[in-house]
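Trainee: Got a minute to walk me through this one?
Mentor: Sure, let's pull it up.
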Amino acid sequence: METLRSSVGLLAGLLFGFGLALSGMMDPARVLGFLDVAGAWDPSLAFVLGGAVGVSALGYVAVSRMRKPVLAQRFEIPHNRPITASLIGGGALFGIGWGLVGLCPGPALAGLTLGLPQVIGFVAAMVVGMLLHRVTAAASSK
Amino acid sequence: MTVYLSALAGGVLIGTSAALLLILNGRIAGISGIAAGAMLPLSRDTPWRWAFLAGLLLGPVLYCLAFGAWPVVQLDAPWILVVLGGLLVGYGTRLGGGCTSGHGVCGLARLSPRSIAAVATFMATAAATVFLVRHGGW
């Protein structure tokens, strides 16, 4: 089962990475053009989110009739958690970082393959940021 | 028009990836969560995450084999912003519990109020940041 789940992981990752490459989301210049609503706005990347959300929603419709996933004991889907200051604050910080560089986690990781020093540096800083959150979250829960 | 078609086709593939992971493994295709969960300490739940990340990195290779060229990655930001941006993206996605994929592709698809709030927030601050950098005289 573990091997099958990992195979699904590999296939899903491959589809995701290929989709990112095809969509144009891996190019920070395109992403910043999409976010630049007051300038020469490039709306094309809205189609990436539209296509992705549409097909992903079909997946949720499919599983609404399933008691458990095909290869696991239960669905790990977050439910009914409140909108908290952490959610909004974290989203706000993420957006600032995204707007500064034009990379979010998926395109940044997929972009490692091309070996550009700035992308590697961005991912290194991103991992440090994740670990920093883990450390501060552990400290504040003590 | 081709940029719109390739954007849509790429999005459909990303959505297919999310649907597969959900139906077969029961998991959300949230990249920041998958990456954070792949880091030490290793848990029983780690192998599929590493497999997913390996696939994610191989995606552009498949693209190169299919189209004979690497996808364009044009990053002009100065190093100080690259590092600051990376830190903010890493910390912010963990604090907020997701990024463009987890809250965007997956959360919006199931109409999660939390994800709708998160996406509205990070879209707004990202657009505001680009506005300040490009038009605010920074």
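Mentor: We'll take chain A, then the contact between chains, then a helix pair.

Trainee: What kind of model is this, and how are things numbered?
Mentor: It's a predicted model, where local features need pLDDT of at least 70, side-chain atom pairs count only at pLDDT 80 or more, and totals for chains, interfaces and linings use all residues. Residues are numbered from 1 along each chain as its sequence is written, while chains are lettered from A and ligands numbered from 1 in the order in which they are written.

Trainee: OK, how many helices and strands does chain A have?
Mentor: Six helices and zero strands, counting DSSP runs of H or I with at least four residues as helices and of E with at least two as strands, numbered from the N terminus. The C-alpha atoms of chain A fill a box of roughly 45 × 45 × 30 Å along the principal axes.

Trainee: And how much of chain A is buried?
Mentor: Buried residues are 49% of its 142. Buried is 20 or more other C-beta atoms within 10 Å of the residue's own, with C-beta atoms placed from the backbone.

Trainee: Which residues are buried in H3(A)?
Mentor: Among them are A:Phe47, A:Val48, A:Leu49 and A:Gly51, and further along A:Val55, A:Ser56 and A:Gly59. The buried residues of H3(A) pack against H1 of chain A, and also against H1 (2-25) and H5 of chain B.

Trainee: Switching to the contact with chain B: how many residues does each chain put in?
Mentor: Chain A gives 100 residues and chain B gives 97, with contact meaning backbone-placed C-beta atoms within 7 Å. On the chain A side, H1(A) has the largest share, 19 residues.

Trainee: How does that side of chain A split by class?
Mentor: It has 64 nonpolar, 28 polar and eight charged residues. Nonpolar is Ala, Val, Leu, Ile, Met, Phe, Trp, Tyr, Cys and Pro, charged is Asp, Glu, Lys and Arg, and the others, Gly among them, are polar.

Trainee: Last one: how do H5 and H6 of chain B cross?
Mentor: Their axes come within 9 Å and cross at roughly 125 degrees. H5(B) and H6(B) are therefore oblique to each other, since angles under 35 degrees are roughly parallel, over 145 roughly antiparallel, 65 to 115 roughly perpendicular and the rest oblique.

Trainee: Which residues make that contact?
Mentor: B:His103, B:Gly104 and B:Gly107 from H5(B), with B:Arg114, B:Ser115, B:Ala118 and B:Val119 from H6(B). By class, that contact has two nonpolar, four polar and one charged.

Methods. Contact = placed C-beta atoms within 7 Å. Axes fitted to C-alpha atoms, helices over the stretch in contact; angles between N-to-C directions. Buried ≥ 20, exposed ≤ 12 C-beta atoms within 10 Å, placed from the backbone.
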